[in-house]
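Q: Could you take me through one part of this protein in detail? I would like to look closely at the annotated binding site and then see how it fits into the whole chain.

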Amino acid sequence: MTSIKQPGEKNLMLFSGRAHPELAAEVAEHVGVSLTPTKLIDFANGEIYVRYLESVRGCDAFVIQSHTGPINKWIMEQLIMVDALKRASAKRITVVMPFYGYARQDKKSRGREPITARLVADMLKTAGADRLMSIDLHTSQIQGFFDGPVDHLFAMPVLESYLKNKLDLENTTVVSPDTGRVRLSERWADTLGTPLAFIHKRRDLDVANSVKVSEVVGKVRGRTCVLIDDMIDTAGTICKAADALYEQGATNVIVAATHAVFSDPAVDRLKNSQISEVIVTNTLPLAESSRFDKLTVLSIAPLIARAITEIFQDGSVTSLFEGDV
């Protein structure tokens with residue numbers, strides 16, 4: 001079965017790009033449909049061709065694509081898939097981006113810089129998207145960049161459920177790796193009922209992924225620290241933050257992050273760090289070479305599937321937001 005029909009010929013169809021087919025298949029299984037057969041090929045010069053092998057006229061379309069490397073190719077593929085749906089008379093098109101590419105450039109810090117988070121939203125709208133869905137955006141303001149509904153889901157319930165069974169909450173502190181993640185860490189601390197700490201750091205604006213840790217603010221000595229972040233890219237921030245926590249007397253450091261970007265040399269840094277466990281979700285695909293003993297990967301598919309079902313049935317997605325509405 002490749003679709004669900006309701007009275008009035010309401011019809012849900014699920015489409016997947018080639019970036020992370022495993023996640024899309026898992027989401028489809030939870031929703032209770034099959035992925036719509038789609039022909040996706042590359043021409044010799046790198047151009048992408050898309051054709052749907054079933055009629056999509058009047059359907060409620062959900063296009064899943066994780067913006068992993070090579071990120072520009074997969075964003076372009078999703079844009080072309082949306083354009084094909086629009087031209088084939090799909091009734092409503094929802095773009096599902098578990099990881100929103102280019103989200104880190106969400107404002108101008110200095111002159112002559114782009115705001116690529118807005119650019120991606122504009123391109124999706126131009127292609128024909130009616131609605132966006134993403135998980136743990138780099139900043140909440142990105143929701144305002146798209147002229148239409150944006151469902152900003154949070155992986156916190158998935159990660160917290162796992163951690164609650166492992167931690168002695170009486171001896172745990174939630175730690176933000178920088179001031180930009182304090183609000184997210186506050187939600188974690190409130191839910192778990194633990195103290196909150198944060199690490200003050202400075203970035204070198206002229207060198208990408210260069211971080212200097214300044215100081216730890218909060219109660220960490222003799223405690224298990226849970227470092228919270230939205231993504232791990234090169235792991236420089238997280239590893240330096242863990243070192244700073246151990247220097248201040250922390251007995252154990254666990255990392256919980258939504259998006260495992262894992263650009264080189266992230267895996268080597270995490271393997272060789274003092275961090276005891278790295279917990280991430282499967283919003284992005286992970287090659288076998290990127291997996292290591294300390295890594296735990298949790299599935300985000302049930303959350304995405306539930307959100308898709310609520311949208312299709314005109315239900316409420318607010319209950320999935322866990323706070324930031």
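A: Happy to; here is a walk from the annotated site out to the whole protein. Please keep in mind that this is a predicted model.

Let's start with the record. An unreviewed UniProt entry carries the annotation "binding site" for Arg203, Asp229, Asp233, Thr234, Ala235, Gly236 and Thr237.

Asp229 is a good member of that list to zoom in on. You will find Asp229 in strand β12, which covers residues 224-232. Is Asp229 buried or exposed? Its relative accessibility is 8%, and buried means under 20%, so Asp229 counts as buried. Leaving aside residues up to four places away in sequence, Asp229 is in contact with Pro177, Arg181, Leu184, Ile238, Ala256, Ala257 and Thr258.

Next, follow the chain into helix α6, which is made of residues 236-247. Gly236 and Thr237, both covered by the "binding site" annotation, fall within the residue range of this helix. Ile238, one of the contacts of Asp229, falls within that range as well. Further along the helix sits Ala241. Ala241 counts as buried because its relative accessibility is 1%. Ala241 also has a partner from elsewhere in the sequence to look at: Glu215 is 26 residues away along the chain, while the two C-alpha atoms are 9.2 Å apart in space.

Now for a step back to the whole protein. The fold has eight helices and 15 strands. Of its 325 residues, 52% are buried, and Asp229 and Ala241 both count as such. Among contacts with a separation of 6 or more, 64% join residues 24 or more positions apart.

As for overall dimensions, the C-alpha trace spans about 60 × 40 × 35 Å along its principal axes. The radius of gyration is 20 Å, which agrees with the value near 20 Å for a compact globule of 325 residues.

On the outside, the accessible surface amounts to about 14,600 Å², with 47% of it belonging to carbon and sulfur atoms. The protein has 37 positive and 40 negative charges, and the mean positions of the two sets are 4 Å apart.

Finally, the same kind of record marks another stretch of the chain. An unreviewed UniProt entry gives residues 12-128 the annotation "domain: Ribose-phosphate pyrophosphokinase N-terminal". Over residues 12-128 the chain is 34% helix and 22% strand, and the C-alpha atoms at the two ends are 17 Å apart.

Conventions
Residues are numbered from 1 along each chain as its sequence is written. This is a predicted model: local features need pLDDT of at least 70, side-chain atom pairs count only at pLDDT 80 or more; totals for chains, interfaces and linings use all residues. Side-chain values use heavy atoms; hydrogens and water are left out. Helices (H or I, at least four residues) and strands (E, at least two) are DSSP runs, numbered from the N terminus. Buried means under 20% relative accessible area, exposed over 50%, partly exposed in between (1.4 Å probe, protein chains only). The radius of gyration is taken over C-alpha atoms; the globule rule is 2.2 Å times the number of residues to the power 0.38. Contact means heavy atoms within 4.5 Å. Accessible areas come from the Shrake-Rupley method with a 1.4 Å probe; for residues, only the protein chains shown count as cover. Lys and Arg count as positive and Asp and Glu as negative; His and the chain ends are not counted. The place of a charge is taken as NZ of Lys, CZ of Arg, CG of Asp or CD of Glu. UniProt positions are given in the numbering used here, feature names are shortened, and annotations may be inferred rather than shown by experiment.
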